[in-house]
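Here are some questions and answers on the sheet and the aromatic residues of one protein chain. The model is shown first.

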Amino acid sequence: MPEQPFIPADFVVPPSLAADGFRLEPLGPQHNDADHAAWMSSIEHIQATPGFHQRGWPPPTGLSLAQNLRDLKRHASDFEKRSGFTYTVLDDAGEVIGCVYIYPSRADERVADVRSWVRADRGDVDGPLHKTVAAWLASDWPFTEVRYRSGT
C-alpha cells in the first residue's frame, strides 16, 4: 500500500503569510547573508527555544556563509519537491528576524512537525509568531495533526 504523502498532490502551498509586524516567505539562497547574521547572533536563544533543544542546530560554533548557503539551498529544494517547507520571517522593514520549519515528523510522516525561532533581540515576536502560524496551519493547510511546541 503506498504511503500517504506529507501533503496532497493537489494542495496549493501558501506562498506567504502576512501578519501584524511580520510576514513569511519561502526561505531561499537570496536570504543567505541576512539569515546567517540573524541566527548567528542568537545561537543560545535559538537552542533554548522549544523544538530546538535536542536537534543539534544551530551548532554552538555556527556555520560559515558557504555552509549556510548549502543549508538554504536544501530548504529551497525541499520546498520545491513539497517534502518540507521553510519560511523566513521578515519584519515590516524586510529584515530577517527568524524562520518557520514545516516538515513531516520523523516518527510519523503524516504528522507535521513545526518549529520556529526568532532572533534574541526580537523575542517579543515569538508568541505572536507561534499563535499566527498555529492558526494558519489549522485553517490553510491540510494537516490532521500538527506538533508545534510553544515557549509562551
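Q: In what order do the six strands of the open sheet stand, and what is the pairing?
A: This is a predicted model. Its six strands form an open sheet. The order is β1-β2-β3-β4-β5-β6, and the pairing is mixed.

Q: Which strands stand at the edges of the sheet?
A: An edge strand here has a single partner strand, so one side of it is left without a neighbour in the sheet. That holds for β1 and for β6, which covers residues 146-148. The edge strands are therefore β1 and β6.

Q: By how many degrees are neighbouring strands of this sheet turned against each other on average?
A: The value ignores strand direction. On average, neighbouring strands of this sheet are turned against each other by 20 degrees.

Q: Which residue in the turn between β1 and β2 has a positive phi?
A: Strand β1 (residues 17-19) pairs with strand β2 (residues 22-26) in the antiparallel sense, over three bridges. A19 has F22 of β2 as its bridge partner. The two strands form a hairpin with two residues between them, and the turn residue with a positive phi, about 95 degrees, is G21.

Q: Which residue of β3 does E25 stand opposite?
A: Strands β2 and β3 (residues 85-91) run antiparallel and are joined by five bridges. Across from E25 in β3 stands T88.

Q: How many residues lie between β3 and β4 in their hairpin?
A: β3 pairs with β4 (residues 96-104) in the antiparallel sense over six bridges, and the bridge partner of T86 in β4 is Y101. In the turn of this hairpin, G94 has a positive phi of about 85 degrees. The number of residues between β3 and β4 is four.

Q: What angle does the direction of helix α4 make with that of β5?
A: Helix α4 (residues 126-140) packs on the sheet and touches β1, β2, β3, β4, β5 and β6. Its direction makes an angle with that of β5 (112-118) of about 155 degrees.

Q: How many residues of β4 are buried?
A: β4 and β5 pair in the antiparallel sense over seven bridges, and C99 stands opposite W117 in β5. β4 is largely enclosed by the rest of the structure, because most of its residues are buried: eight of the nine.

Q: Over which rings does the charged end of R115 sit?
A: One ring has its centre 5.0 Å from the charged end of R115, and belongs to F52. The charged end also sits over a ring with its centre 4.8 Å away, that of Y101.

Q: How many aromatic pairs does the structure hold, and which residue pairs edge-to-face with F85?
A: The structure holds ten aromatic pairs. In one of them the centres are 5.1 Å apart and the planes stand at 85 degrees, which makes the pair edge-to-face. The partner of F85 in this pair is F79.

Q: What is the angle between the planes of F79 and Y87?
A: F79 and Y87 form an edge-to-face pair, 5.4 Å centre to centre. The angle between the planes is 80 degrees.

Q: Are F79, F85 and Y87 buried or exposed?
A: Buried means under 20% relative accessible area. F79 has 18%, F85 has 0% and Y87 has 0%. By that cut-off, F79, F85 and Y87 are buried.

Q: Which residues form one aromatic cluster with F79, F85 and Y87?
A: The cluster includes F79, F85 and Y87. Together with them it holds F6, F11, W136, W141 and F143.

Conventions: Residues numbered from 1 in each chain as written. Predicted model: local features only at pLDDT ≥ 70, side-chain atom pairs only at ≥ 80, totals over all residues. Heavy atoms only, no water. Pairing = 2+ DSSP bridges. Axes fitted to C-alpha atoms, helices over the stretch in contact; angles between N-to-C directions. Contact = heavy atoms within 4.5 Å. Phe/Tyr/Trp six-rings, centres within 6.5 Å; stacked < 30°, edge-to-face > 60°. Buried < 20%, exposed > 50% of the residue type's maximum accessible area, 1.4 Å probe, protein only. Lys NZ or Arg CZ within 6 Å of the ring centre and 35° of its normal.
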